[in-house]
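Let's walk through a fold together, one question at a time. Have the viewer open and follow along.

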Amino acid sequence: LLQLFRPLNMLGWVYRSIKQGLIDMEQMFALLDTPAEIVDAPGAVPLRVHEGAVRFEGLRFAYEDGREILKGIDLEVPAGSSLAVVGSSGAGKSTLARLLYRFYDPSGGRILIDGQDIGRVTQDSLRAAIGIVPQDTVLFNDSIGYNIAYGREDAPQDEIEAAARGASIDGFIARLPDGYETKVGERGLKLSGGEKQRVAIARTLLKDPPILILDEATSALDSRTEEAIQSTLEGVAKSRTTIIIAHRLSTIVGADQIVVLDEGRVAERGTHGELLASGGLYAELWNRQAAERALEEAVE
Ligand code: ATP
C-alpha cells in the first residue's frame, strides 16, 4: 500500500507546484491586466525611441459598448518632462496609462511615441521602452534579487545591486538573513507596502526605460515613507518622460504639466501654480485634500 502512496504523494507535490505556478501567472496577468486579443499589427516594426516624446491624439476608449471612458484626449508630453494626471476616482487616469502600454487599443485616435503610432510597432519593443511602477507590486515567490531582476534575468549582480541602491533598498537587503538570496513573497518574507514599492523602483531602474509610468498607490503609506519614496522617484524620473497617475496632489506639485480629467475629457491643464490660481476643479481638489491633511495631522 505504501508503494501506492508514494507516487500519489509525488503527484500531490507536482499538483501543488503547478498550482502555485498558476497563481504566479494569475498574479502576473492581474498585474498586467492584459486582454489576450492585443496582437502585433501585420508588418509591425520595432519602436525606435530617440527622445521619448509621447503624444495622445484624439484618444477615445470604452471598456464596454455605450460607456465611453475617454472621449477625445489630446495631450503632448515633451521628451524628458513630467505629466501628472489627476481627477476623481474612475475618471480614467489609469486607463490612459493602460492604453500607453497597449493593454488595450483605443476605439478612436492614437498614441505616438517619437512620432510612431504605438499600434503599429511590436509590443515587445513598446513594452521595453516603458517602465511601470504600479500601485501594488506583486512579488514572486523567489529571492528578492530575482524579484528585482525580473524581466532581465540575465542582469549581472553588480547591476542588480546598483538598482537596489538607486531605489534605496540596498541597506534593507543587506540586513536580511540571506541578503539578495532571501526568499520573499507569499511563502517567504513579507515586505511592507513601501518595501514592495522600492522593489518595483529597483526593477524599473534595472530596465532603464526612456518612458516611465508611475501609478501612485491609493493606500497611503505613512508620511515619512511616502516622502522618502517620493524623493527616490524624483531621482528616477529625472531625464525620463514620466506620466504620473496621481491620487494625492501633494506629490505632484513639481510636475511640468498637470491635467485634470473629468467626464472623459481634459478639463484643465497647467502647472500647479497656474491651476491653483485659476480656481477651478484642481483648486477645489487641492483645497479638499489640504483640509483632509490638516485633519489627519490634528488627529495624529
Ligand atoms: P482611480 O483614481 O479610482 O484609480 P481612475 O481614474 O484611474 O480611478 P480607471 O481605473 O481608469 O479610473 O477607470 C475608469 C473607469 O473605467 C471606471 O469607471 C472603471 O469602473 C472603468 N473600468 C476600469 N477598468 C475596467 C475594466 N477592465 N472593465 C470595465 N470597466 C473598467
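Q: Which residue stands opposite Arg265 in strand 10?
A: This is a predicted model, so look for the pair in the backbone it proposes. Strand 9 (residues 257-262) and strand 10 run antiparallel, with five bridges joining them. Facing Arg265 of strand 10 you'll find Asp262.

Q: Which are the edge strands of the open sheet?
A: Six strands make up this open sheet, with mixed pairing and the order 6-7-8-3-9-10. An edge strand pairs on one side only. That picks out strand 6 (130-133) and strand 10 (265-270).

Q: What angle does the direction of helix 2 make with that of strand 8?
A: Helix 2 packs on the sheet, where it touches several strands, including strand 3 (82-86) and strand 7 (211-215). Strand 8 (241-245) is touched as well, and the angle between the two directions is about 145 degrees.

Q: Why is helix 2 (residues 93-100) described as largely enclosed by the rest of the structure?
A: Check the burial of its residues: Lys93, Thr95, Leu96, Ala97, Arg98, Leu99 and Leu100 are buried. Helix 2 counts as largely enclosed because the buried share of its residues is seven of the eight.

Q: Is helix 5 oblique or roughly perpendicular to helix 7?
A: The axes of helix 5 (residues 157-166) and helix 7 (residues 193-207) come within 8 Å, crossing at roughly 125 degrees. Roughly perpendicular would need 65 to 115 degrees. The crossing angle therefore makes helix 5 oblique.

Methods. Residues numbered from 1 in each chain as written. Predicted model: local features only at pLDDT ≥ 70, side-chain atom pairs only at ≥ 80, totals over all residues. Axes fitted to C-alpha atoms, helices over the stretch in contact; angles between N-to-C directions. Helix = DSSP H or I, 4+ residues; strand = E, 2+ residues; numbered from the N terminus. Parallel < 35°, antiparallel > 145°, perpendicular 65-115°, else oblique. Buried ≥ 20, exposed ≤ 12 C-beta atoms within 10 Å, placed from the backbone. Pairing = 2+ DSSP bridges. Contact = placed C-beta atoms within 7 Å.
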